[in-house]
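Biologist: I would like a close look at a single part of this model. Please start with one residue and then work outwards to what surrounds it.

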Amino acid sequence: MDAALVNSSLVRPGQRDWSLRAIAAERGTPKYSLRALLAQRDRTVVSSWAVCLLTYPGSTPKLTMPMDWFDRMFFEPDGVAAYFRTMSGGRLLVEWQVFGPLPLMTFQQKQQSAKAGTEDADYTRLAKARGIPLDQFDHVMWLPDDGVSTAGTAAGTKNRFVGAQDVAPQLACHEMTHTFGVCSHADRSALDDYADPFCMMGRPSVARTFQSPALAWPGRYQHGMCGPGLIAPYLLAAGWLDYGRNVTHLQVADLADAVGLSYPLACNAGAPPIGDGRRIAITVGELPRRAGADAQVWVEYRRPEGFDRGIAAPPGGAADLPATGGLVVHTVGYGSQRCPDALRATVMSWHPAVVGQTVPLPGYARTLQVTAVDDARREVTLTVR
């Protein structure tokens, strides 16, 4: 079957394998048309992408993987489609089709187009002239394999460039998350230092990624790099986290009265599906909605499994979190020169999820203490101290 027909909207959140026979059985009929299934999918939750590998006459391409690898980057269990289905709690489903290699222009023409700021428009025009049906897709991911392009950036208002030398599920998901509403990067201190180890919006040398055996391919950054998940504040920024249902909010004025009270905190493995009442974050203070507003503190629980399976240790380093995972603390402000109308999260600290561990709340005299760890429920209990 053409991998482009593998529509993740046919798969329930968290399900890794699917078959038309199983879907047909669930619908109570022994036969079902794939065309009919595709016609019935909920288009409002689908984001469709044209994935275009670009080559340049006169330049030496760097990639050596076959074209079907790009389909697998999306449909493997560790791939892009499963990532967004999981992070969004089933609220966003990715469809795609891969095109290429496409020798749309020479490298010299590419440089001229980039200097003029018209690359996205020029590629779009030239691809359409070759019969590539870009109008059938919501977005385009351009993968320039010119021997020098790395990292990623915006392409026009709705498309993304992903430098082919660095292409991996991690980079593709990072760039696509910008398109899905997360403007800011995940930082440690300075704006755009990308230094949050626990977020897809960090940079590969810091973010605690893992290598997918199914997608591993030698390259500049190893093309099988996947994960980690999205921090809870950016699940909110993307519109996937139900703040009222899935966040425990502590008012600053009531913090002293909360001493001794305990709160369950479920593991953040993505936004809980609609109707799921698990709380995956504890916040202190009000959510900032204007520049200059006080920052809000967010605490979340992460475990080294699923798309977070690499979070127990920094890249190439020794583990600093146990198998039970850790508590991650962020401050969340509003606005920056790069993203004046967006939330920006800064990681402040992280702590082992073990009973007795103290978790600081930056800017407040009170702390949280881990008073229970429930591996079976993937949940900790935090008590205000």
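Is Glu 175 buried or exposed, and why does it count that way?

Modeller: This is a predicted model, so a word on confidence comes before the residue. The chain averages a pLDDT of 90, and 88% of the residues score at least 70. Residues 1–18 are a weak stretch, where pLDDT stays under 50.

Now the residue itself. Glu 175 has a relative accessibility of 3%, and because buried means under 20%, Glu 175 counts as buried. Glu 175 lies in helix 7, which runs over residues 169–179. Leaving aside residues up to four places away in sequence, Glu 175 touches Gly 152, Thr 153, Arg 160, Phe 161 and Val 162. Gly 152 and Thr 153 fall in strand 4, residues 152–155. Arg 160, Phe 161 and Val 162 fall in strand 5, residues 159–162.

Those strands belong to an open sheet. The sheet has 5 strands in the order 2-1-3-5-4, with mixed pairing. Strand 4 stands at one edge and strand 2 (93–102) at the other; each has a single partner strand, so one side of each is left without a neighbour in the sheet. From one strand to the next, the twist averages 20 degrees. Further into the order, strand 1 (residues 46–54) and strand 3 (residues 139–144) pair in the parallel sense over 6 bridges. One of the bridge partnerships joins Leu 54 to Pro 144 in strand 3.

Helix 7 also meets another helix. The axes of helix 7 and helix 4 (residues 80–87) come within 10 Å and cross at roughly 50 degrees. That angle makes helix 4 oblique to helix 7. The crossing is right-handed. On the helix 4 side, the contacts come from Val 80, Tyr 83 and Phe 84; on the helix 7 side, they come from Pro 169, Ala 172, Cys 173, Met 176 and Thr 177.

Strand 4 and strand 5 have a part elsewhere too. Together with strand 1, strand 3 and helix 5 (107–116), they are among the elements that cover the buried residues of helix 6. In helix 6, residues 119–129, the buried residues are Glu 119, Asp 120, Asp 122, Tyr 123, Thr 124 and Ala 127. After helix 6 comes Gly 131, with a positive phi near 90 degrees.

To return to the starting point, Glu 175 is a buried residue of helix 7, with contacts that include Gly 152 and Phe 161.

Notes:
Residues are numbered from 1 along each chain as its sequence is written. This is a predicted model: local features need pLDDT of at least 70, side-chain atom pairs count only at pLDDT 80 or more; totals for chains, interfaces and linings use all residues. Side-chain values use heavy atoms; hydrogens and water are left out. Two strands pair if DSSP finds at least two bridges between them. Helices (H or I, at least four residues) and strands (E, at least two) are DSSP runs, numbered from the N terminus. Axes are lines fitted to C-alpha atoms, for helices over the stretch in contact, and angles run from 0 to 180 degrees between N-to-C directions. Buried means under 20% relative accessible area, exposed over 50%, partly exposed in between (1.4 Å probe, protein chains only). Contact means heavy atoms within 4.5 Å. pLDDT is the predictor's confidence in each residue, from 0 to 100. Angles under 35 degrees count as roughly parallel, over 145 as roughly antiparallel, 65 to 115 as roughly perpendicular and the rest as oblique. A crossing is left-handed if the near helix is turned anticlockwise from the far one by less than a right angle, and right-handed if clockwise.
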